[in-house]
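Welcome! Open your viewer, set the display to cartoon, and keep the selection tool at hand. We will go from stop to stop, choosing something to select each time.

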Amino acid sequence: MQVIATAGHVDHGKSALVRALTGMEPDRWAEERRRGLTIDLGFAWMTLPGGERLAFVDVPGHERFVPNMLAGVGPVPAVLVVVAADGGWMPQSAEHLAAIDAVGIRHGLLAVTRADLADPGPAMRQALGHLARSGLGQAEAVAVSAVTGEGLPELRAALARLVAALPVPDARDPVRLWVDRSFSIRGSGTVVTGTLPAGTIATGQELLLTPSMRPARIRGLETLNERAASVTGVARVALNLRGIPADVPARGMALVDAGRWTMTKLIDVRISLGSSPPWSGTARLPEETTLHIGSARTLARILPLGPPVPSGAPSPSGAPSPSGAPSPSGPPEPAATAIARLTLRDALPLHVGDRVLLRDPGRADGRILGATVLDVAPPAVARRGAAAAAGRELAAWPDHPSTADLLRRHGLLRAGALAAMGVTAGPAPLAPLAPLAPLAPLAPLAPLAPVAGDWLADPARWADLRRRLAEAVAAHARSDPLAIGMSPEAARAALGVPDRTLLEALARPPLDLPADPAAPAQVQLTGGYLRLVPQESLEHREPRKLAGPASSLPPRVVSGIRAVLADLARAPFMAPEAGRLEGLGLDQRALAAAARAGLLLRVSDQIVLAPGAEAEAAHILARLPQPFTTGEARQALETTRRVAIPLLEYLDRARITQRLPDDRRRIR
């Protein structure tokens, strides 16, 4: 199935043409049929000559009902532009074409109606000229009469060719069904209808109703008045919902897959301003406008991120500039563009790459602008000059930003957040999607491995975070040399990273990467604290020793350590007593800092020896008859029980000695 919308000036015969093609009445309201004027969206369908089913969304043509028209064309992939042979190109013809161009519809067909009342040639040539200067390009045209039936077979054949040329959406795409009607049926409950542009919905599936994100389970599913177990886009569908009261759904809401869309009130966009004054790059953007996407509309405040880029200026990204709005004559010209931040009144489910339409109903000229969403969760631009810098960065982006683009801007993003932005990033498991990439609305896959959990990082930002972490840990050590290290939470706050797992990953560099010769030390998380690790330890993959020995300690502590080491040089196992340590200014924090720096071996809280004393003790004890007693060890080490017992227990813990059931020991 495919779905197309009509477009054209009021009273040019859109509904009559749909009625003649389908045999169905698209005008649903008695008031519409009485006045002969379409007010709201109408729906009908037909079977094409080749058996393909085609649904129509018939839109109103009167200028007062443009919002209803926009709700109809928003989700469809193609349009049937209708121009009357006896009326020619009219103001609403131009406004509808501008809307079609703005929302990014690039497939269409021209039907010149009332061919029985006037020569269709002049109106067809005039309309084709306007279409050629729009995104529809060289559209096929057919002259018809809904009254006599003239041209209807040719129109059906042209519709079949149009449908055959439309891209086939991916059945695995995330679902976003914009609601265009909502009503209740006695005995069934709440029913909503809409155009499903892509993805698959099925009976029993649970979706979320935006903006409240209330769960809605599909109790029943119909397409073109026929029950179905599942439907794949493009299709017109009616869903019977469980769990949603009848008075809750409304036009403009959407049913979406959980976790696959970003609900946002703040977006950065590229606005196509057109190629003619006042939009040639000199005019100011309005401060407030109405944003349309799908069947939704909401107010949006506009913050320009830098000046507009004049029409004809080269695109910073190297891509062709968007085409300008249709003009009465001359070839199409590149459109002026502007990067802007939109603050929306209502949250909408959006992806990067989405096309939105901006319209100010209060303007006399009814100007319609198209915009492409570049970021659905943009960072703040509070600093002076940040807005202009953001504008320059975004101006270089393509209309469908990649994983690399978004990571360069955000630095760190979860894979789930990227997927909700409309970008797929991941290793091999997603590779089977590659053949469908040209048809999918998502950005290309990126071979990025997560740095921690499902977190992805921009490589340059990750390297900068690692450097800043080392600087923060070093600064903490300088400010408090006797501290055991920097707490991870303090470091996380200093770096502004959102998750502790990221900090742990920063302190755990991959062992298969070469060490950075410019970095004197890196960071290690041990014992719940962050400390610096000498680079030479990383290069040789040795057990990591703590950096900054004597130079990182206060002079009084260094002086005390030297005095202790001088004492131990004369008697290696005669550890200084508590009074001696206190006299040298070595309290518990100082001893712990000296031990972490590798300047002393801390056997217990009150017993310290010179570094390497454990190896020397093992060498001496190995010469004793095995096993040996504590007294024999004390005599061999020439020390006291005050030192011998804690030292032997330390050697047991270090698995240098083994304590036997009779309290004797032996060297392992």
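Select helix H3 (residues 66-73) and helix H4 (residues 91-103). Their crossing is right-handed, in what is a predicted model. The two axes come within 11 Å of each other and cross at roughly 40°. An angle under 35 degrees would count as roughly parallel, and 65 to 115 as roughly perpendicular; H3 and H4 are therefore oblique to each other.

Now show the side chains between these two helices. Which residues of H3 meet H4? They are Val 66, Met 69 and Leu 70. Across from them, in H4, you will find Gln 92, Glu 95, His 96 and Ala 99. To make sense of such spacing, remember that an α-helix has 3.6 residues a turn, so residues three or four places apart point the same way.

**Next stop: the sheet**

Select strands E1 to E6, which form an open sheet with mixed pairing. Reading across, the order is E2-E3-E1-E4-E5-E6. At the edges sit strand E2 (42-47) and strand E6 (140-143), each pairing on one side only. On average, neighbouring strands of this sheet are turned by 25° against each other, with direction ignored.

Zoom in on strand E4 (residues 78-84) and strand E5 (residues 108-113), which pair in the parallel sense over six bridges. Pick Val 79 as an example: its bridge partner in E5 is Gly 108.

**Helices on the sheet**

Add helix H1 (residues 14-22), which packs on the sheet. H1 touches strand E1 (2-7), E2, strand E3 (53-58), E4 and E5, and its direction makes about 160° with that of E3. Then add helix H5 (residues 120-132), which lies across E4, E5 and E6 and runs at about 155° to E5.

**Further along the chain**

Jump to helix H8 (residues 403-410) and color by burial. Is H8 mostly covered or mostly exposed? Mostly covered: six of its eight residues are buried. These are Thr 403, Asp 405, Leu 406, Leu 407, Arg 409 and His 410. Right after H8 comes Gly 411, with a positive phi near 80°.

**Zooming out**

Finally, select the whole protein chain, with its 19 helices and 30 strands. Of its 668 residues, 49% are buried. The chain exposes about 29600 Å², and carbon and sulfur atoms supply 55% of that area. Among contacts between residues at least 6 apart in sequence, 68% join residues at least 24 apart.

Notes. Residues are numbered from 1 along each chain as its sequence is written. This is a predicted model: local features need pLDDT of at least 70, side-chain atom pairs count only at pLDDT 80 or more; totals for chains, interfaces and linings use all residues. Side-chain values use heavy atoms; hydrogens and water are left out. Two strands pair if DSSP finds at least two bridges between them. Helices (H or I, at least four residues) and strands (E, at least two) are DSSP runs, numbered from the N terminus. Axes are lines fitted to C-alpha atoms, for helices over the stretch in contact, and angles run from 0 to 180 degrees between N-to-C directions. Contact means heavy atoms within 4.5 Å. Buried means under 20% relative accessible area, exposed over 50%, partly exposed in between (1.4 Å probe, protein chains only). Accessible areas come from the Shrake-Rupley method with a 1.4 Å probe; for residues, only the protein chains shown count as cover. Angles under 35 degrees count as roughly parallel, over 145 as roughly antiparallel, 65 to 115 as roughly perpendicular and the rest as oblique. A crossing is left-handed if the near helix is turned anticlockwise from the far one by less than a right angle, and right-handed if clockwise.
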